[in-house]
Amino acid sequence: MTFRTLGIETSCDETAAAVLVDGNTILSSVVSSQVDLHARFGGVVPEIASRAHVELIVPVVADALVEAGVEGKDIDLVAATSGPGLIGALLVGLSAAKALSLVWDVPFIGVNHLEAHLYASFLEEPDLELPLVVLLVSGGHTMLILMEDHGQYRVLGRTLDDAAGEAFDKVARFLGLGYPGGPAIDLLAMEGDPAAVDFPRAMRRDGLDFSFSGLKTAVVNHVRANPESDPADIAASFQEAVVDVLLTKAQRAIEQEDARGLCLAGGVAANSSLRERALDLSMAGGHQAFLPSRSMCTDNAAMVAAAGWRRFQASGPSPLDLGTDPSLSIFGL
Ligand code: KG4
Ligand code: ZN
C-alpha cells in the first residue's frame, strides 16, 4: 500500500509544498520564492515574508496536489516545518498543516528544518552509508554534524558568529551584487582569480568550529584600501577562503570520527566551487561524497516530507498543540 506525505515549508522566504510516496518518491515539489519581494531590502524582511506566506500557502499546496495528481483524500500524513526559522513565517505553514490534518482526518507531524536539510540527501540516495559527516551550510546555520544513525546526531562543530551563507550575503551586498548573495558571488567568482587575495582563514588549524565575521571585515577593509581591485577577483578569493575552511574542517571531522563519507546540505551546498572541491577531496581521501542536486540544497518541502515521514515511522505523530520554535536545535524533536 502506498503512503503519501504532504510536506509544507515556510521557515524563511520560500513557500513550498511537496507530495512524496513512502518518504522517498517525489510526486511533486513546488517552491515559490519571495526573493523579488526582499531583494530591494538586501535581505529577508520577516513581516513581508509572513504576509507573502499567507497569500501563497493555499495556491502552493493546491499546485503540489494537482502536480502530484492526487486529492486531499489521498494524503496519509501532513508534515510541516516547526522550527528553526522566522516565527511569523513558521506559523503560517504549521497552522495550515494542522488545519489540513484536521479536515482530512490524517496525522500531523512537526519537522525540524535542520533535519529536513539532512534528509534532502536520503531522498536522492536512500542507501547512503552511515556514519556520515554532514556539512550543513545555509543562510542561518553552519555546522558539522555526525549522523550516526537515523535520528541520531552529534554536533561536531558550528560557527561562532556568522553562518557561511550570511557571509556570502553580506559580502555580496557590500560588493553591490544584490540578494541573495551566494548565487551572485558563485557566478562572478568564475571570472576571477581565487589566489588574487589571500584572505584570512579563521581557526583553520584548530578544532571543528568556524568563524566568518573576520573574513567579511577583511574583504571590506581590502576593497576600501584597494578601490581599483577587480570585483571578480574579490569574489573568487573570498569564496576560496570560505570553501577552504569548510572542507579542511570537514576532512578533519571525517578522519576524527572515522566516518564513511561526507554529505553536503543547505543552500551554500549549491556553491559550484564547494561541490567541485568536495568531490576532489573524496577522491583523494577515499571516502564517499554525496552532493544533493542544487534544488534539493536550498529550501524545499520534499525534504520536509521525507524527514517527517521518517520521524512518523519511528515515533508517530506530533500533538496538534505543537508550537513553533524559532530556535529549535537539531536535538529538539
Ligand atoms: O538553506 P537555504 O535555502 O535557507 C536557509 O535555511 O538559510 O540557504 C540560503 C543561503 C543564502 O545565504 C544563499 O546566499 C546561500 O544559501 N546560497 C549560496 C548559493 N546558493 C544559495 N551560497 C553560495 N553559493 C551558492 N551557489
Ligand atoms: Zn534551509
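Me: What makes the backbone of G182 a polar contact of ligand 1?

Reply: In this predicted model, a backbone N or O atom of G182 lies 3.0 Å from an oxygen atom of ligand 1. A polar contact is a pair of N or O atoms within 3.5 Å, so the pair qualifies.

Me: How do you know that G267 and H113 make polar contacts with ligand 1 as well?

Reply: A polar backbone atom of G267 is 3.0 Å from an oxygen atom of ligand 1. For H113 a polar side-chain atom is involved, at 3.3 Å from an oxygen atom of the ligand. The limit is 3.5 Å, so both pairs count.

Me: How much of ligand 1 does the protein bury?

Reply: Taken alone, the ligand exposes 560 Å², and the protein buries 88% of that.

Me: Why is ligand 1 said to sit in the largest pocket?

Reply: A molecule sits in a pocket if more than half of its atoms lie within 2 Å of the pocket's grid points. Ligand 1 is assigned to the largest pocket.

Me: Which elements give two or more residues to the shell around ligand 1?

Reply: They are α4 (113–124), α5 (164–174) and α6 (181–189). The largest share, 4 residues, comes from α6.

Me: Which residues come nearest to ligand 1, and how do the shell residues divide by type?

Reply: Of the 19 residues around the ligand, G139, D169, G182, D186 and G267 come nearest. The shell holds 4 nonpolar, 12 polar and 3 charged residues. Gly is counted among the polar residues, so G139, G182 and G267 fall in that class.

Me: Why is ligand 1 placed between two domains?

Reply: Domain 1 (4–117 + 297–332) and domain 2 (129–293) both give residues to the shell, so the ligand lies between them.

Me: What makes the peptide bonds before P131 and P180 worth listing?

Reply: The bond from L130 to P131 is cis, with omega near 0°, and the bond from Y179 to P180 is cis, with omega near -5°. P131 is in the loop between α4 and β6 (132–137), while P180 is in the loop between α5 and α6.

Me: What sets D22 apart in its backbone, and where is D22?

Reply: D22 has a positive phi of about 50° although it is not a glycine. Its place is in the loop between β2 (14–21) and β3 (25–33).

Technical notes. Residues numbered from 1 in each chain as written. Chains lettered and ligands numbered in written order. Predicted model: local features only at pLDDT ≥ 70, side-chain atom pairs only at ≥ 80, totals over all residues. Heavy atoms only, no water. Near = heavy atom within 4 Å. Polar contact = N/O pair within 3.5 Å; in protein donor to acceptor, adjacent residues only side chain to side chain. Areas by Shrake-Rupley, 256 points an atom, 1.4 Å probe, with all protein chains shown as cover. 1 Å grid on protein atoms, 1.4 Å probe; cavity = no way out; pocket = protein on both sides within 12 Å on 5 of 7 lines; lining within 4 Å. Domains from an automatic or database assignment.
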